[in-house]
Amino acid sequence: MNILLLGYGKMGKAIEQIALERGHQIAARVDAHNRADLETIPADAVDVVIEFSAPESAVDNIKSCLQRGWPVVCGTTGWLSHRTEIEQLCQEKEGAFFYASNYSIGVNLFFRLNKTLARFMRNYPSYHVSMTEIHHTEKKDAPSGTAITLAEGVLEGLPNKQGWVTKEAGDDKGSRINSTDAVEIESLREGTVPGTHTVRYDSEVDRIEITHIAHSRQGFALGAVIAAEWLIGRQGVFGMDDLLGSIE
Ligand SMILES: NC(=O)C1=CN([C@@H]2O[C@H](COP(=O)(O)OP(=O)(O)OC[C@H]3O[C@@H](n4cnc5c(N)ncnc54)[C@H](OP(=O)(O)O)[C@@H]3O)[C@@H](O)[C@H]2O)C=CC1
Ligand SMILES: O=C(O)C1=N[C@H](C(=O)O)C[C@H](O)C1
């Protein structure tokens, strides 16, 4: 397939390498410097767009591609307040849109483990749930998209929790509620860490915790290319559960 890479930074380059190894072609590479070129690319030169750019650019990028009739696989985080708008546009254009906060197969298994653990902890209110995510210092958004998905999974399992809050005051993009009623997320930025997520349950006497550690960006990139291969020929709005459900 002919892939348009929209965003050609750390992820765009990792995706390019895996796409080429899997026999695909790169139709174009677009980043902030040559964004205007997007409008000049012939519609039939592109089978699918893989969009990993920045929180502030994702919405315009996705809209432009759906308007052109291109299927879009998006991995950019930090733009989800516009999700309904994008999904409506996709339906209106009878297009195809795939989003995941994390394309790694391992993280998606971890999401399921997290939901199961949260359901299991429902009857043990003496345990306090909290989360930590660690990423490289270039990351623009906090908390990570993956941490938000994990928090949503915890909230599904623990109906007494009222939302999520970030640990640092002033960085709260969740509901502003008492942290004892909420899932607390701590965001740390260290060196070149690709992505580490921990969910922990602390009591007076012990701690249960689960952690996913990405050793590199390869897992994210491979998942995004597999999602692009899967998306071709489909119409609608999709996520990793659709993809994994169809290959299990
Ligand atoms: N869902 C997932 O599995 C994963 C998601 N991510 C997310 O993907 C995104 C990108 O991450 P990463 O590659 O590490 O970031 P980088 O900062 O390394 O790369 C971002 C790229 O986007 C480009 N860009 C910025 N603005 C625009 C624009 N308006 N149009 C097109 N391109 C633009 C930048 O161009 P320039 O260099 O010219 O500024 C750069 O090439 C982040 O939101 C991150 O959270 C990351 C890993 C996994
Ligand atoms: O910015 C990153 O690097 C990552 N972003 C995603 C997120 O916000 O969850 C996924 C991964 O953890 C790497």
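This text leads through the domains, the ligand shell and the recorded binding site of the structure above.

The model is predicted, so that local features need pLDDT of at least 70 and side-chain atom pairs count only at pLDDT 80 or more, whereas totals for chains, interfaces and linings use all residues. Residues are numbered from 1 along each chain as its sequence is written, and chains are lettered from A and ligands numbered from 1 in the order in which they are written.

An automatic or database assignment divides the protein into domain 1 (2-103 + 218-247) and domain 2 (105-213), with 27 Å between their centres, taken over C-alpha atoms. In domain 1, 10 residues are in contact with 11 residues of domain 2, contact meaning C-beta atoms, placed from the backbone, within 7 Å.

Around ligand 1 stand 28 residues, of which G9, M11, D31, S57 and G75 come nearest; a residue is counted if its C-beta atom, placed from the backbone, lies within 6 Å.

An unreviewed UniProt entry lists G75, T76, T77, A100, S101, N102 and Y103 under "binding site", an annotation that may be inferred rather than shown by experiment. These residues spread over 29 residues of sequence, yet they cluster in space, the largest C-alpha distance being 11.6 Å.

Two of the listed residues are buried (20 or more other C-beta atoms, placed from the backbone, within 10 Å of the residue's own): T77 has 25 such neighbours and Y103 has 27. Leaving aside neighbours within four places in sequence, T77 is in contact with P55, S101, D141, S144 and G145, while Y103 touches G75, F220, G223, A224 and A227.

Technical notes:
Two residues are in contact if their C-beta atoms, placed from the backbone, lie within 7 Å. A residue is buried if 20 or more other C-beta atoms lie within 10 Å of its own, exposed if 12 or fewer, and partly exposed in between; C-beta atoms are placed from the backbone.
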